[in-house]
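Biologist: I'd like to know how words like "buried" or "salt bridge" get attached to a residue. Can we go through some cases together?

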Amino acid sequence: MTKKLKYLIYGSVATIFVTLICVFAFSSCGTNNIIKLASKNATNYELELVYNDDTKSLYGNSKIDYINGSDDTLNQVLFHLYPNAFRENAKFKPVSDLRKDDAYINGESYGNITIKNVKVNNKDVTFSIGGQDEDILIVPLASQLYSNSRVGIDIEFDITIPNIKHRFGYTDSAVNLGNFYPVACVYENGEFDTSPYSYNGDPFYSNISNYKVSLTCDQDFVVASTGSLEKSQTTNNKTTYNYSALAVRDFAMSLSKKFQVLKDKVDGVEIMYYYHSDAQPQKSLETACKTLSTFNKLFGKYPYSTLSVVETSFVHGGMEFPNIVFISDDLSSYEEYTNVIVHEIAHQWWYGVVGDNQNINGYIDEGLAEYSCILFYENNPEYNMTRTDIVSNDLKSYLLFVEVYGDLFDNFDTSMDRELTKYNTEPEYTYMAYVKSVLMLDNLRQLIGDKDFMKGIKSFYNDNQMQFATKDTLVLAFENASNMPLQSFFDSWIDGKIVITSN
């Protein structure tokens with residue numbers, strides 16, 4: 001995600017019927033070997049949604065072919081219910097008090113997800129709702145699920161969509177459907193990760209999975225989506241779209257009757273730009289194309305066949321999802337809008353292909369996405385942005401922040417690997433995950449040199465595709481590239497021990 005640097009840097013009468021048809025019949029055309037391999041041992045989602053634009057509600061029925069990818073035997077499967085963060089009495093709010101007025105343009109509005117029925121292997125089971133904030137669906141299994149075995153889980157649910165400028169919410173310009181359906185919690189170290197929602201960062205952590213989507217909606221809607229459009233058909237003023245997505249971490253859509261679309265193709269990837277108020281849409285599309293081309297050369301090839309860039313209402317600068325990124329329609333300048341496009345597309349490499357636990361390691365994907373912007377501008381000088389200026393501004397901004405916050409908080413913490421809910425404020429998270437990460441990476445680049453720095457980034461990408469990266473794998477990539485011991489370097493920055501000065 002991009003937080004706006006305004007405060008710091010953050011970057012119809014219609015019924016929509018969405019069916020994520022089970023991935024059992026996925027076509028492998030156009031996919032590369034890494035996607036084919038990752039998709040074979042992944043959970044498959046089949047999801048039917050009915051969207052009512054009058055009530056801003058969704059009816060859903062999700063059929064999940066869940067695989068136990070761990071070495072343990074499971075007797076239950078847990079799912080995140082992210083929409084419950086938007087309900088009235090949520091403990092962990094979707095926006096901070098700092099952003100509330102910007103997010104709720106028509107006053108506070110609430111949304112939620114209600115689980116109606118759950119079946120395991122076609123038999124009803126008694127489920128429960130738990131977690132720290134009524135945000136976890138607990139599904140008991142009738143029999144033990146052994147390692148590498150599969151089980152069928154059907155979840156029927158209702159969703160109320162809030163009126164909010166967010167990754168999940170609606171405004172006059174669009175309906176954003178991000179992190180909206182029950183998604184399986186990651187199982188690791190003997191337990192399911194049930195980290196709650198947080199207005200800090202992107203509180204999401206999910207395994208590579210497969211999807212097929214059949215979306216039926218009023219023909220006036222234009223739909224931007226994760227995945228590739230296989231076919232569409234219009235009958236009785238309704239259009240049915242069929243999407244497929246192999247080996248992605250999530251599935252998202254944005255729907256609008258105001259969208260216009262521009263398209264281009266770069267390195268075999270179809271790039272689609274959905275916009276409704278952008279005065280320079282062709283220029284924005286060109287930036288998206290240059291970004292994909294530049295990062296393909298710098299990091300390694302983007303493995304999917306489509307990429308959608310969507311101008312929509314969003315309280316922060318932008319938001320990344322697999323094959324699709326949201327760009328806020330109320331950024332302060334076109335230069336900032338351009339920068340958000342670059343940052344969010346960078347997330348296709350850092351979060352999309354190379355994952356991480358964003359609840360504790362957000363500095364990895366956000367730091368690399370921010371630094372990727374510097375690398376983009378270095379390779380595209382026509383944008384008149386230089387590495388020296390960006391790093392210098394970040395350093396000045398960081399030092400001022402630390403000075404101010406040091407006066408406000410005793411024992412001010414500058415560590416970068418805390419849980420999202422452990423940050424005192426949204427600005428604190430922003431400076432640790434975004435600004436300090438840029439300073440760390442630039443300092444590393446100076447230490448090991450440009451050649452080994454880029455070698456390390458390429459290695460990090462190639463060695464961690466479709467996996468979860470950690471601090472250790474990040475360190476290893478640059479140690480191997482430079483033949484230098486770098487553990488203490490990274491520890492000092494990430495643990496908050498480093499002393500940063502303007503000299």
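Modeller: Sure, we'll take a few labels one at a time and check each against its cut-off. Keep in mind that this is a predicted model.

Biologist: Let's start with R150 and D65: what makes this pair a salt bridge?

Modeller: The cut-off is a side-chain nitrogen of Lys or Arg within 4 Å of a carboxyl oxygen of Asp or Glu. For R150 and D65 the N to O distance is 2.8 Å, so the pair passes. In general, side chains of opposite charge can pair when their charged atoms come close.

Biologist: And where do the two partners sit in the chain?

Modeller: R150 is in strand β9 (residues 150-160) and D65 is in strand β3 (residues 57-67), so this bridge links distant parts of the chain, 85 residues apart.

Biologist: Why is D65 called buried, and what is R150 called?

Modeller: Buried means under 20% relative accessible area. D65 has 14%, so it counts as buried. R150 has 35%, which falls between the 20% and 50% limits, so R150 is partly exposed.

Biologist: How many salt bridges does the structure hold?

Modeller: There are 21. Another one joins D133 and R87, at 3.0 Å from N to O.

Biologist: Why can you say that D133 and R87 tie parts of the chain together?

Modeller: Because D133 lies in the loop between β7 (128-130) and β8 (136-145), while R87 lies in the loop between β4 (74-80) and α2 (100-103); the parts they tie together are 46 residues apart in sequence. Both D133 and R87 are buried. There's a network here too: salt bridges link R87, D133 and E134.

Biologist: K471 and D491 next: how do you know that they form a salt bridge?

Modeller: Their closest N and O atoms are 2.9 Å apart, and the limit is 4 Å, so yes, it's a salt bridge. K471 is in helix α9 (residues 471-482) and D491 in helix α10 (residues 487-494), so the pair ties together parts 20 residues apart in sequence.

Biologist: Which labels do K471 and D491 get for exposure?

Modeller: K471 has a relative accessible area of 18%, under the 20% limit, so it's buried. D491 has 21%, so it lands in the partly exposed class.

Biologist: What about I136, buried or exposed?

Modeller: I136 lies in strand β8. Its relative accessibility is 1%, so it counts as buried. I136 and Y82 are 54 residues apart in sequence, with their C-alpha atoms 8.4 Å apart in space.

Biologist: What makes the phi of A247 worth pointing out?

Modeller: It's near 55°, a positive value in a residue other than glycine. A247 sits in strand β18 (residues 238-248). At 0% relative accessibility, A247 is buried, because that is under 20%.

Biologist: And what is phi for N121?

Modeller: Near 50°, again a positive value in a residue that isn't glycine. N121 is in the loop between β5 (112-120) and β6 (123-124). With 47% relative accessibility, it falls between 20% and 50%, so N121 is partly exposed.

Biologist: Last one: what makes V404 fit for a surface patch?

Modeller: Patch residues need over 30% relative accessible area. V404 has 40%, so it clears that limit. V404 belongs to helix α6 (residues 387-408), and together with L400 and L408 it makes a nonpolar surface patch of about 290 Å².

Methods:
Residues numbered from 1 in each chain as written. Predicted model: local features only at pLDDT ≥ 70, side-chain atom pairs only at ≥ 80, totals over all residues. Heavy atoms only, no water. Patch = residues over 30% accessible without salt bridge, like charges linked within 9 Å, V, L, I, M, F, W, Y side chains within 5 Å. Areas by Shrake-Rupley, 256 points an atom, 1.4 Å probe, with all protein chains shown as cover. Helix = DSSP H or I, 4+ residues; strand = E, 2+ residues; numbered from the N terminus. Buried < 20%, exposed > 50% of the residue type's maximum accessible area, 1.4 Å probe, protein only.
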